[in-house]
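Hi,

Here is the structure I promised to pass on. Please open it alongside this note. My findings follow below.

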Amino acid sequence: PEAVYAVLADLSTHLEWAGRRQRRSFRLTTLTPTGPVQVGTDFTSTGTMPMTRTRMNDRSVVVRAEPGSLLEFHTTSTSTWRGGLHTEARWEHEYRISPVGTGARVTYRLRSAGMTGAPLRMRVPVMRTMTFRVMIPFLCRRGFTNLLRLVERSPRSPKTSAARGDS
């Protein structure tokens, strides 16, 4: 659990597992500041989104940090589309870590906490369902898998297992 938390709590690693190792169309491209986190830590990031050149501009704050067991941060993501539409979405990210034998079990939960100015693909019922139930979990799964692989390569980590969370 400590090895997993060490990677999660070091923001510089997010640019690796959610950035460079992620799909080019859905990745972090910038993140500041880097370094360790604690409750109240603010950080900003920019990321790419599938099927558009529009970027996500995110502001996140750590709301729970329990070394070795839990990291939760809330993100406000804003995007301005080519016709002037302004989207603001709020997301809650929770990583739970529990010991399993000599390793750890990691559960990631992503929860939508609201959206204003949603683009068409998020307003049409069928497309909204596909986006939230298929595409977002599909895209986030790779980042989560990248996180676990990075931890497994860490000299401090014996073994990790994943649990898919809500999206």
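E3 and E4 form a hairpin, with three residues between the two strands. Glycine 68 sits in that turn and has a positive phi of about 85°. Please keep in mind that this is a predicted model.

Strand E3 covers residues 55-66 and strand E4 covers residues 70-80. They run antiparallel and are joined by nine bridges. To find your place, look at alanine 65, which stands opposite leucine 71 in E4.

Next in the chain comes another hairpin. E4 and E5 form this one, with five residues between them. Its turn holds glycine 84, with a positive phi of about 95°. E5 spans residues 86-100 and runs antiparallel to E4. Eleven bridges link this pair. Leucine 71 serves as a marker again: tyrosine 95 in E5 stands opposite it. So what faces leucine 71 in E3 and in E5? Alanine 65 does on the E3 side, and tyrosine 95 does on the E5 side.

Then E5 and E6. They also form a hairpin, with two residues between them. Glycine 101 is in the turn, and its phi is positive, at about 55°. E6 runs from residue 103 to residue 116, antiparallel to E5, and 13 bridges join the two. One pair to check is glutamate 94 and its bridge partner in E6, arginine 109.

Now to threonine 48. This residue belongs to strand E2, residues 42-48. Is threonine 48 buried or exposed? Its relative accessible area is 7%, under the 20% cut-off, so threonine 48 counts as buried. Its side chain reaches two backbone oxygens. One is that of arginine 24, at 3.0 Å. The other is that of serine 25, at 3.4 Å. Setting aside neighbours within four places in sequence, threonine 48 is in contact with several residues, among them Phe26, Arg27 and Thr29. Arg55 and Met56 are also on that list.

Last, the surface. Val126, Met130, Val134, Met135 and Phe138 make a nonpolar patch of about 440 Å². Valine 126 lies in helix H4, which covers residues 125-153. Why is valine 126 classed as exposed? Its relative accessible area is 63%, and exposed means over 50%.

Over to you.

Best wishes

Methods:
Residues are numbered from 1 along each chain as its sequence is written. This is a predicted model: local features need pLDDT of at least 70, side-chain atom pairs count only at pLDDT 80 or more; totals for chains, interfaces and linings use all residues. Side-chain values use heavy atoms; hydrogens and water are left out. Patches are made of residues with over 30% relative accessible area and no salt bridge: like charges are joined within 9 Å, nonpolar side chains (Val, Leu, Ile, Met, Phe, Trp, Tyr) within 5 Å. Accessible areas come from the Shrake-Rupley method with a 1.4 Å probe; for residues, only the protein chains shown count as cover. A salt bridge is a side-chain nitrogen of Lys or Arg within 4 Å of a carboxyl oxygen of Asp or Glu. Helices (H or I, at least four residues) and strands (E, at least two) are DSSP runs, numbered from the N terminus. Buried means under 20% relative accessible area, exposed over 50%, partly exposed in between (1.4 Å probe, protein chains only). Two strands pair if DSSP finds at least two bridges between them. A polar contact is a pair of N or O atoms within 3.5 Å; within protein, one must be able to donate a hydrogen and the other to accept it, and residues adjacent in sequence count only if both atoms are side-chain atoms. Contact means heavy atoms within 4.5 Å.
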